[in-house]
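Me: I'd like to walk through this model with you, one question at a time. Can you keep the reasoning short and finish each reply on what I asked for?

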Amino acid sequence: MKKTLLLAATIFLFTFFSSSAAFAHPPKNLEAVWNTSAQTLTVKASHLVNDTAKHYVLSMVVMNSKGEQIAFKQYTKQSSDKSFSDSVTLLNAKPNDTVRIRLVCNIMGTAEENITLK
């Protein structure tokens, strides 16, 4: 009887934790817009979540063409249950610079995109 209960509990916990990962997903459709006059990069991505405090974009990293980190932001929730959006100032960026943007989901997955500032 004890072995049956232990087996049932183990199966339940395994199913519960593996199914929560199945519902997790990385951000998608990453878009970025560069505002030259304000030197601001606005990043948007689709990221559907049920609870913005439990499933959200954890961080945004912006790297220059040499792979050096030039901006970093960390988050504790997502402002919308449908998407992520935020802006960063890139003071030394110039038109035609290429940057790599990385969005990291707090549960599972990463979205990356290279863009050329125009």
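**Loop, sheet and salt bridges**

Me: Let's start with glutamine 78, which is found in the loop between S4 and S5. Is glutamine 78 buried or exposed?
Reply: Bear in mind that this is a predicted model. Buried means under 20% relative accessible area. Glutamine 78 has a relative accessible area of 4%, so it counts as buried.

Me: Which residue's side chain joins the side chain of glutamine 78 in a polar contact?
Reply: Leaving aside neighbours within four places in sequence, glutamine 78 is in contact with several residues, among them Val49, Thr52 and Tyr56. Its side chain also reaches the backbone oxygen of serine 83, at 3.4 Å. The side-chain to side-chain polar contact is 2.8 Å, and the partner is histidine 47.

Me: On to the sheet. In what order do the four strands of the open sheet run?
Reply: Strands of a sheet can pair in a parallel or an antiparallel way. Here the pairing is antiparallel. The edge strands, each pairing on one side only, are S4 and S7. Read across, the order is S4-S3-S6-S7.

Me: By how many degrees are neighbouring strands of this sheet turned against each other on average?
Reply: We're still on the open sheet of four strands. Ignoring direction, the average turn between its neighbouring strands is 15°.

Me: How many bridges do S6 and S7 pair over?
Reply: One of the pairings in register terms is valine 104, whose bridge partner in S7 is threonine 110. S6 and S7 run in the antiparallel sense, and the count of bridges is seven.

Me: What is the relative accessible area of serine 59?
Reply: Serine 59 has its place in strand S3, residues 57–63. Not counting residues up to four places away in sequence, it touches Phe72, Lys73, Gln74, Tyr75, Arg102, Leu103 and Val104. Serine 59 is buried, and its relative accessible area is 8%.

Me: Now the charges. Of the four salt bridges, how many residues apart in sequence are the parts tied together by lysine 73 and aspartate 86?
Reply: The side chains of lysine 73 and aspartate 86 meet at 3.2 Å, N to O. Lysine 73 lies in strand S4 (residues 69–74) and aspartate 86 in strand S5 (residues 83–89), so the parts this pair ties together are apart in sequence by 13 residues.

Me: Is lysine 73 buried, exposed or partly exposed?
Reply: The partly exposed class sits between 20% and 50% relative accessible area. Lysine 73 has a value of 27%, so it is partly exposed.

Me: Which strands do glutamate 112 and arginine 100 lie in?
Reply: These two side chains meet in a salt bridge of 2.5 Å, N to O. Glutamate 112 is partly exposed at 31%, and arginine 100 counts as partly exposed at 29%. The pair ties together parts that are 12 residues apart in sequence, because glutamate 112 and arginine 100 lie, respectively, in S7 and S6.

Me: Last one: which residues are linked in a network of salt bridges?
Reply: Arginine 102 forms a salt bridge with glutamate 112, with the closest N and O atoms 3.0 Å apart. Arginine 102 lies in S6 and glutamate 112 in S7, so this pair ties together parts 10 residues apart in sequence. Glutamate 112 also meets arginine 100 in a salt bridge. The linked residues are Arg100, Arg102 and Glu112.

Definitions and conventions: Residues numbered from 1 in each chain as written. Predicted model: local features only at pLDDT ≥ 70, side-chain atom pairs only at ≥ 80, totals over all residues. Heavy atoms only, no water. Helix = DSSP H or I, 4+ residues; strand = E, 2+ residues; numbered from the N terminus. Buried < 20%, exposed > 50% of the residue type's maximum accessible area, 1.4 Å probe, protein only. Pairing = 2+ DSSP bridges. Axes fitted to C-alpha atoms, helices over the stretch in contact; angles between N-to-C directions. Polar contact = N/O pair within 3.5 Å; in protein donor to acceptor, adjacent residues only side chain to side chain. Contact = heavy atoms within 4.5 Å.
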